[in-house]
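The following exercises concern one protein chain, shown below. Please work through each task before reading its solution.

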Amino acid sequence: MEATVSDERPAQESPATFRDVFGQSEFRALFAANVLSWVGDYLAKAAVTVLVLHETQSVALSAAAFAASYLPWLIGGPLLSALAGRHRYRRVMVLCDLIRMALMVLVAMPFMPAWAIIGLIFVATLANPPSQAARSALLPHILTGDRLVVGLTASTSAVQAAQVVGYLAGATIAVLNPSTALLINAGTFALSAALVRFGLRDRAPATAGAHRGHLLRETAEGFRIVFARPVLRAIAVLVFSAMVFSIVPEGLAAGWAAERTGGGMNAGTAQAVIMAANPVGYVLGGLVIGRLVGPARRLALMPALAVAAPAVLVPALLDPPPAVVALLAGACGFAVGGILPLSNGLFMQALPDGYRARAFGVMASGTQIIQGASVLATGALAERFPIPTVVGFWSAAGVLLMLVAAVTWPRPAAIEAAVQSARAESVVGSQHPPHRGPGADDRGREPARRRHAVT
């Protein structure tokens with residue numbers, strides 16, 4: 001991690017501000033590019049979900065269409081993320097954006113058969129892991145200390161806002177012309193590529209050619225570093241647990257809205273409101289907790305927020321109307337929005353520089369796979385049981401899961417030790433990169449790393 005003493009001291013004395021973060025021109029470019037690409041993605045996802053439900057009248061198939069975009073993370077997420085660490089981050093992001101732009105234009109063509117559309121969308125989604133891994137690995141080079149946490153809060157909150165815009169626009173445009181939604185998605189990728197190419201410095205890859213090992217070995221090292229180090233493992237458990245239940249209202253929104261409308265809402269409006277509620281809550285939670293609560297207090301609040309997130313969805317058992325469902329989903333999003341930006345910031349700070357892309361691949365793949373599996377599982381259950389019953393009991397199980405994550409959450413001293421250890425390794429790694437293959441030097445340093453992480 002590139003950091004100096006002057007960068008770190010202000011972050012320790014007081015919380016960073018959005019002015020500090022957006023004062024960095026590179027962050028502004030990266031932020032705008034990320035938001036643009038996500039707006040297009042969610043717009044297309046909402047349109048496809050509506051189409052499948054209308055054509056099949058199946059909640060399970062609608063949920064499967066929603067979950068299909070997560071499949072590439074299962075197949076190639078960690079491997080492609082490790083590959084991103086071998087190349088210049090800016091080049092990776094631009095190339096991935098241009099590939100996705102071209103494929104979305106092809107998908108939008110009216111002569112394209114269904115099987116080809118599915119294949120093209122799958123290939124396009126394969127570009128997500130390396131692109132996001134490169135972005136995640138680059139961000140700590142632009143922002144340091146609490147600025148990184150605030151930057152992640154701004155980015156993840158903006159992504160949730162993009163989700164709201166994409167869902168609302170996608171549900172509306174799908175009724176008129178689905179191809180339009182796909183062309184808009186292609187346009188957002190083109191703009192994102194331009195912002196990245198001309199707004200970011202070109203940096204050398206984290207894994208230099210002379211120090212690269214086998215790609216599969218480097219991918220396995222990503223899993224090892226995440227799950228072998230106690231602090232990183234605790235963060236992974238917390239993040240993965242949050243994904244199990246928080247995505248469910250969105251994934252089942254189309255079926256839920258079709259089964260129970262009320263309060264003057266038609267099915268389309270009810271679906272849009274339910275799907276948008278969680279990201280709206282996430283934005284509010286990230287902004288309120290990220291800006292009004294100091295770094296130490298945020299850390300202390302995490303266990304309580306972790307348990308509250310699924311608990312607020314348990315009243316779905318009472319079969320409330322869509323407006324109340326949206327409030328419950330929004331409350332869940334608020335709690336998760338208070339957890340994830342800080343968790344992500346801690347995770348990136350507790351990683352040595354050379355491991356960031358690979359570890360991101362592990363985390364991003366895990367969250368995508370868990371979300372897809374959760375929607376598939378609850379969608380299948382909703383074929384046999386009422387959706388409110390499924391969501392209520394699923395969330396009750398989430399409370400138990402989050403209690404485990406809260407109990408195993410590390411103490412602040414252990415987190416600080418892991419961050420300092422990662423910073424020291426990054427400095428050493430810049431002179432002697434850790435990716436040497438299975439030599440004695442790499443093995444010899446590992447026990448010292450682990451001891452420092454749990455001090």
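**Exercise 1. Describe where F27 and F31 lie relative to each other, and establish which aromatic cluster they belong to.**

Step 1. Helix α3 spans residues 25-56 and holds both F27 and F31, which are 4 residues apart, about one turn of the helix. Helices here are DSSP runs (H or I, at least four residues; strands are E, at least two), numbered from the N terminus. The model is a predicted one, in which local features need pLDDT of at least 70 and side-chain atom pairs count only at pLDDT 80 or more, while totals for chains, interfaces and linings use all residues. Residues are numbered from 1 along each chain as its sequence is written, and side-chain values use heavy atoms, with hydrogens and water left out.

Step 2. Apply the ring rule: rings of Phe, Tyr and Trp (its six-membered ring) pair if their centres lie within 6.5 Å, with planes under 30 degrees apart counted as stacked, over 60 as edge-to-face and the rest as tilted. By this rule the count comes to 3 aromatic pairs. In one of them, the ring centres of F22 and F31 are 5.0 Å apart and the planes stand at 85 degrees, so the pair is edge-to-face. For F27 and F31 the centres are 5.8 Å apart and the planes at 40 degrees, so this pair is tilted.

Step 3. F22, F27 and F31 therefore form one aromatic cluster.

Step 4. Consider accessibility, where buried means under 20% relative accessible area, exposed over 50%, and partly exposed in between (1.4 Å probe, protein chains only). F27 is buried at 1%, and F31 is buried at 19%. F22 has 26% relative accessibility and counts as partly exposed.

**Exercise 2. Determine which residues are joined with D202 into one network by salt bridges.**

Step 1. A salt bridge is a side-chain nitrogen of Lys or Arg within 4 Å of a carboxyl oxygen of Asp or Glu. The count by this rule is 3 salt bridges.

Step 2. One of these joins the side chains of D202 and R88, at 3.7 Å from N to O. D202 lies in the loop between α10 (178-199) and α11 (215-228), and R88 in the loop between α5 (71-84) and α6 (89-107), so the pair ties together parts that are 114 residues apart in sequence. D202 is partly exposed at 37%, and R88 is partly exposed at 28%.

Step 3. R90 also meets D202 in a salt bridge, at 4.0 Å from N to O. Since R90 lies in helix α6 and D202 in the loop between α10 and α11, this pair ties together parts that are 112 residues apart in sequence. R90 is buried, with a relative accessible area of 16%.

Step 4. A further salt bridge links R100 and D97, at 2.7 Å from N to O. These two residues are 3 apart in helix α6, about one helical turn. R100 is buried at 5%, and D97 is buried at 3%. The network built from shared partners consists of R88, R90 and D202.

Step 5. As a related case, R86 is found in the loop between α5 and α6 and is buried at 14%. Its C-alpha atom is separated by 9.1 Å from that of A204, 118 residues apart along the chain.

**Exercise 3. Identify the helix that gives the most to the nonpolar patch.**

Step 1. V280, L284, V288, L292 and F334 form this surface patch, with about 430 Å² of accessible area together. Patches are made of residues with over 30% relative accessible area and no salt bridge: like charges are joined within 9 Å, nonpolar side chains (Val, Leu, Ile, Met, Phe, Trp, Tyr) within 5 Å. Accessible areas come from the Shrake-Rupley method with a 1.4 Å probe, and for residues only the protein chains shown count as cover.

Step 2. Helix α15 (residues 267-292) gives the most, with 4 residues. V280 lies in this helix and, at 39% relative accessibility, counts as partly exposed.

**Exercise 4. State where pLDDT stays under 50, and how such parts should be read.**

Step 1. pLDDT is the predictor's confidence in each residue, from 0 to 100. The protein averages 75, and 74% of the residues score at least 70.

Step 2. Contact means heavy atoms within 4.5 Å. Residues 1-13 stay under 50, and the model has 18 contacts beyond four places in sequence for them. Residues 433-455 also stay under 50, with 45 such contacts.

Step 3. Where pLDDT is low, the predicted coordinates should not be read in detail.
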